[in-house]
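Me: I would like to go through one structure by question and answer. Please keep each reply short and end on the value or name I ask for.

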Amino acid sequence: MRNEAQAIEFYVGLGEETVSNVLLYHVVPGSQSYNQLKRAGDVDTALKVLGGVQDATFDAKRRAIVDQLDRKAFVFVKNLPAQNGKINVIGKVILPGPLG
C-alpha cells in the first residue's frame, strides 16, 4: 500500500502531458514479438515508440530495454496476445528523459 501511495504522489505533480509521454514511451507501433525485438542478435536495436522519442534501445545481450537515462528494464513475460498487438512485460518504468 505504501508503494502505491508514493507512486500516486509522484505522478500527481507531473502533469497530464508528462504522464502521457511516459505512457507512450512504453508502446511501440505495430505488433512486434519479443523475437522481433531481439532479431538483431548481439546488436542493440533502436526502438521507435509512439511518444515520438526514438532513442530507447533493446539491449540484445541483456534482453532488456534501455531508456534515455540508461535504466535497464528486463523483459519478464513475452508475447502476451492483445487485441491490437503483443505485450512484453518489463520490470521497471522506463523514462523518455529527465522529468520536469
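Me: How many salt bridges does the structure hold?

Reply: This is a predicted model. Side chains of opposite charge can pair when their charged atoms come close. One pairing is between Arg71 and Asp67, and another is between Lys72 and Asp70. The number of salt bridges in the structure is two.

Me: What is the N to O distance between the side chains of Arg71 and Asp67?

Reply: A salt bridge needs a side-chain nitrogen of Lys or Arg within 4 Å of a carboxyl oxygen of Asp or Glu. Arg71 and Asp67 meet in such a bridge, and their N to O distance is 3.5 Å.

Me: Is Asp67 buried or exposed?

Reply: Its partner in the salt bridge is Arg71, which is partly exposed because its relative accessibility is 29%. A residue under 20% is called buried. Asp67 has a relative accessibility of 4%, so Asp67 counts as buried.

Me: Which residue forms a salt bridge with Lys72?

Reply: Lys72 has 23% relative accessibility and is therefore partly exposed. The partner has 52% relative accessibility and therefore counts as exposed. The N to O distance in this bridge is 3.8 Å, and the partner of Lys72 is Asp70.

Me: What is the phi of Asp70?

Reply: Asp70 sits in the loop between β3 (64–66) and β4. With a relative accessible area of 52%, Asp70 is exposed, because the cut-off for that class is over 50%. Asp70 is not a glycine, yet its phi is positive, at about 65°.

Me: Which strand holds Asn79?

Reply: Asn79 also has a positive phi, near 60°, in a residue other than glycine. Its relative accessible area is 29%, so Asn79 is partly exposed. Asn79 has its place in strand β4.

Me: How far apart in space are the C-alpha atoms of Thr57 and Asp67?

Reply: Thr57 belongs to strand β2 (residues 56–59). Thr57 is partly exposed because its relative accessibility is 23%. Along the chain, Thr57 and Asp67 are ten residues apart, and their C-alpha atoms are separated by 6.8 Å.

Me: In what order do the elements of the protein chain run from the N terminus?

Reply: The protein chain has three helices and five strands. From the N terminus on, the order is α-α-α-β-β-β-β-β.

Me: Which element gives the most residues to the nonpolar patch?

Reply: The nonpolar surface patch covers about 500 Å² and is made by Phe74, Phe76, Val77, Leu80, Ile87 and Val89. Two elements give two or more residues to the patch, β4 (72–82) and β5 (85–90). Among the patch residues, Leu80 lies in strand β4 and is partly exposed because its relative accessibility is 36%. With four residues, the element that gives the most to the patch is β4.

Me: How far apart in space are Pro81 and Ser33, C-alpha to C-alpha?

Reply: Pro81 is another residue of strand β4. Its relative accessibility is 75%, so Pro81 counts as exposed. Pro81 and Ser33 are 48 residues apart in sequence, and from C-alpha to C-alpha they are 9.5 Å apart.

Me: What distance separates the C-alpha atoms of Gln83 and Ser31?

Reply: Gln83 is in the loop between β4 and β5. Gln83 counts as exposed because its relative accessibility is 86%. Along the chain, Gln83 and Ser31 are 52 residues apart, while their C-alpha atoms are separated by 9.9 Å.

Me: Which element gives the most to the lining of the largest pocket?

Reply: The largest pocket has a volume of about 450 Å³. Its lining counts 22 residues, and those closest to its centre are His26, Val27, Val28, Lys86 and Asn88. With six residues, the element that gives the most to this lining is β5.

Me: How many charged residues are in the lining of the largest pocket?

Reply: Asp, Glu, Lys and Arg count as charged. Lys86 is among the lining residues closest to the pocket centre. By class, the lining has 14 nonpolar and seven polar residues, and the number of charged residues is one.

Me: What percentage of the residues of the protein chain count as buried?

Reply: A residue is buried when its relative accessible area is under 20%. Asp67, at 4%, is therefore one of the buried residues. The protein chain has 100 residues, and the share that count as buried is 24%.

Methods. Residues numbered from 1 in each chain as written. Predicted model: local features only at pLDDT ≥ 70, side-chain atom pairs only at ≥ 80, totals over all residues. Heavy atoms only, no water. Patch = residues over 30% accessible without salt bridge, like charges linked within 9 Å, V, L, I, M, F, W, Y side chains within 5 Å. Areas by Shrake-Rupley, 256 points an atom, 1.4 Å probe, with all protein chains shown as cover. Buried < 20%, exposed > 50% of the residue type's maximum accessible area, 1.4 Å probe, protein only. 1 Å grid on protein atoms, 1.4 Å probe; cavity = no way out; pocket = protein on both sides within 12 Å on 5 of 7 lines; lining within 4 Å. Points joined across faces, edges and corners; volume = space filled by probe spheres on them.
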